[in-house]
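User: Please take a close look at the aromatic residues of this structure, at how their rings are arranged against one another and at where they sit. I would like one connected account.

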2 protein chains.
Amino acid sequence: MTTANLVTDTRNEEVAQLVERLRRGNVRALARAISLVENNSPLAPHILSSCFPHAGNAVRIGVTGSPGAGKSTLVNRLAQSMDGSVGILAVDPTSPFTGGAILGDRIRMQESLGLSDDGIYVRSMATRGALGGLARSTADVAIVLEASGKRTIFIETVGVGQDEVDIVRLADVTIVVLVPGMGDDVQSIKAGIMEIADIFVINKSDRDGADRLEKEVRAMQSYAAEHGGWIPPVVLTIASNGAGIDELVTAIVTFREWLFADGRGQARRRAYWRERVLEMMRGELMREVREHGFTDAELDEHASRIAAGSENPYDVVPELVRRNFRVS
Amino acid sequence: MTTANLVTDTRNEEVAQLVERLRRGNVRALARAISLVENNSPLAPHILSSCFPHAGNAVRIGVTGSPGAGKSTLVNRLAQSMDGSVGILAVDPTSPFTGGAILGDRIRMQESLGLSDDGIYVRSMATRGALGGLARSTADVAIVLEASGKRTIFIETVGVGQDEVDIVRLADVTIVVLVPGMGDDVQSIKAGIMEIADIFVINKSDRDGADRLEKEVRAMQSYAAEHGGWIPPVVLTIASNGAGIDELVTAIVTFREWLFADGRGQARRRAYWRERVLEMMRGELMREVREHGFTDAELDEHASRIAAGSENPYDVVPELVRRNFRVS
């Protein structure tokens, strides 16, 4: 047996044990597997390949909205209302400018609600250092969470950019959380938001302006594209005292039944995997290129010539690719 | 002559004329070239290849900071203080949640300052639909702007996520704009910001708390990493009345001289192109794969099987890449 084989076998054995332990509900094994996946460890592909056959049965609920909309509190309330084991991914794509803010909120939340004794697994994910993008690593971590037996996975993000939209695509159900008096009016929540929201929540609905905000959202819906026949309901909540949470759970269940009743949910997942396979191929291709076709020294040379203006990247790169790679 | 050749020749001729016109200062040609590049038209590679030899001589100034920090007003003031022709790229990665907000500001700004008669070309760029990412298209549009003879290019972004950090990498000089009393205190402007700021601006510095904010920024610097020997200055401005703008221009000039004096600026540009070439290769490889190796029907089949759980993407994708693709 070669050394390479020996290393591979040891790795496979290590991964097999780790995945078995996380599947039996070992939280430390789960946390370790997630860290390895998040950090793109050499073990990550093995872990994901071993987890995938045990994934795919959870409901994924995306929750997004402006900072300060009370998403964490809302998600915690929802998590406690769900049947079966729950995982929460708190994704913060807003660093470096507000880096850590959400994590801080989360920790406070967890303490105040005592979630850690509840079988609810909470994981914060930040942008910085997420190789291949935050959407990629969130998707992979969700696979690991599902393999660990979670029946519901909340993916909570701050709604500010393209990152969210990509992350939200992972979800079966997308909840957009608005708050009265935070500028979340018709001017700012434009067409884009209508496309991604399956359910609107107006949180902190005891504040002034909740009625007006509700009317504005409903008015937008009247001229919005049809969303495949589903008109996103508007649910008023006060997450801090639990008001409206039951109604929101009902809305989630109703939407989910509608979604999977005639194949729409399955189509959504197929569309998701279509994009994801392309993205995985892109990553895999680059790995091949970096390993076999293109040394760091060559790359540096091209970069120097381009920076000096003596080489035109828009001519050179297509030529390099055509010269060095064959698609068969 | 084949039809394909004829089409190619017609395209090349069309691009040559367009680039010639934009180089002579024709604003409509410039706008059209930018739109073609932004929308990833089939002409885009030709346009970029034709523009690149005439680019690389402008100073690129990145301006980022929280929404409401007064970046647009500041950039307009700076633009009017610069020698030579100026281009402004107002990048809004925050859609869909605040989509169009910055564009709205910009239009108001332009009207109130009468910039359109000033030789200052302003272009708003939004995330949605930007194929290959906003950083990619901003970089390409900057090349076109430079080819049109702009000597200074401002790249203005709302500082909230990874998109900004990527966009900011295009700049020679990065200005981070803070404002007193907007939560831009030491809690929220964490380590990440120190790495990207070459110059700090405290705008609306007639507000309460400007002194405290200045002290906090300076205090962070005392234990921050060295930034290669440059300690980012803190410039107090009131963009609305022009106070501090001269000092800011001086800071920009000083930083730029320092940056290019001993090769740091050149190294920065090399590092940028190194990443960019890799990214361009990734895009080019995927185009090859999509054109020659992998039909939409095949992709759909894999997506269906994966969504149904009967195929494991973490096994299949690496295998597909190895099977279809040769490094020669």
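Analyst: A search of the whole structure, which is a predicted model, finds 12 aromatic pairs over all chains. One of these is formed by A:Trp230 and A:Trp258, whose ring centres lie 5.4 Å from each other with an angle of 40° between the planes, so that the pair counts as tilted, a class that falls between stacked, under 30 degrees, and edge-to-face, over 60. This pair links distant parts of the chain, for A:Trp230 belongs to the loop between helix H9 (210–223) and strand S7 (234–236) of chain A, while A:Trp258 lies in helix H10 (residues 245–261) of chain A, 28 residues apart. With a relative accessible area of 11%, A:Trp230 is buried, whereas A:Trp258, at 23%, counts as partly exposed, because the limit for a buried residue is under 20%.

In chain B, B:Tyr272 and B:Trp273 also form an aromatic pair, and here the arrangement is edge-to-face, with 5.3 Å centre to centre and 65° between the planes. Both members count as buried, B:Tyr272 at 14% relative accessibility and B:Trp273 at 8%.

A further group draws on both chains: A:Phe52, A:Tyr272, A:Trp273 and B:Tyr314 form one aromatic cluster. The member from chain B, B:Tyr314, is among the buried residues of H13(B), which also include B:Pro313, B:Val316, B:Val317, B:Pro318, B:Leu320, B:Val321 and B:Asn324. The backbone nitrogen of B:Tyr314 also takes part in the capping of this helix, since B:Asn312 caps the N-terminal end of H13(B) with a side-chain oxygen that lies 3.0 Å from that nitrogen. As for the helix itself, H13 of chain B covers residues 313–324, and its 12 residues should span 16 Å at 1.5 Å a residue, which agrees with the 16 Å between its end C-alpha atoms.

The setting in chain A, which supplies the other three members of the cluster, can be described by a few totals. Chain A has 13 helices and eight strands, and 53% of its 328 residues count as buried. Among the contacts in chain A with a separation of 6 or more, residues 24 or more positions apart account for 77%. The area that chain A exposes is about 14300 Å², of which carbon and sulfur atoms supply 49%.

Note on methods:
Residues are numbered from 1 along each chain as its sequence is written. Chains are lettered from A and ligands numbered from 1 in the order in which they are written. This is a predicted model: local features need pLDDT of at least 70, side-chain atom pairs count only at pLDDT 80 or more; totals for chains, interfaces and linings use all residues. Side-chain values use heavy atoms; hydrogens and water are left out. Helices (H or I, at least four residues) and strands (E, at least two) are DSSP runs, numbered from the N terminus. The expected span of a helix is 1.5 Å times one less than its number of residues. Buried means under 20% relative accessible area, exposed over 50%, partly exposed in between (1.4 Å probe, protein chains only). A polar contact is a pair of N or O atoms within 3.5 Å; within protein, one must be able to donate a hydrogen and the other to accept it, and residues adjacent in sequence count only if both atoms are side-chain atoms. Rings of Phe, Tyr and Trp (its six-membered ring) pair if their centres lie within 6.5 Å; planes under 30 degrees apart count as stacked, over 60 as edge-to-face and the rest as tilted. Contact means heavy atoms within 4.5 Å. Accessible areas come from the Shrake-Rupley method with a 1.4 Å probe; for residues, only the protein chains shown count as cover.
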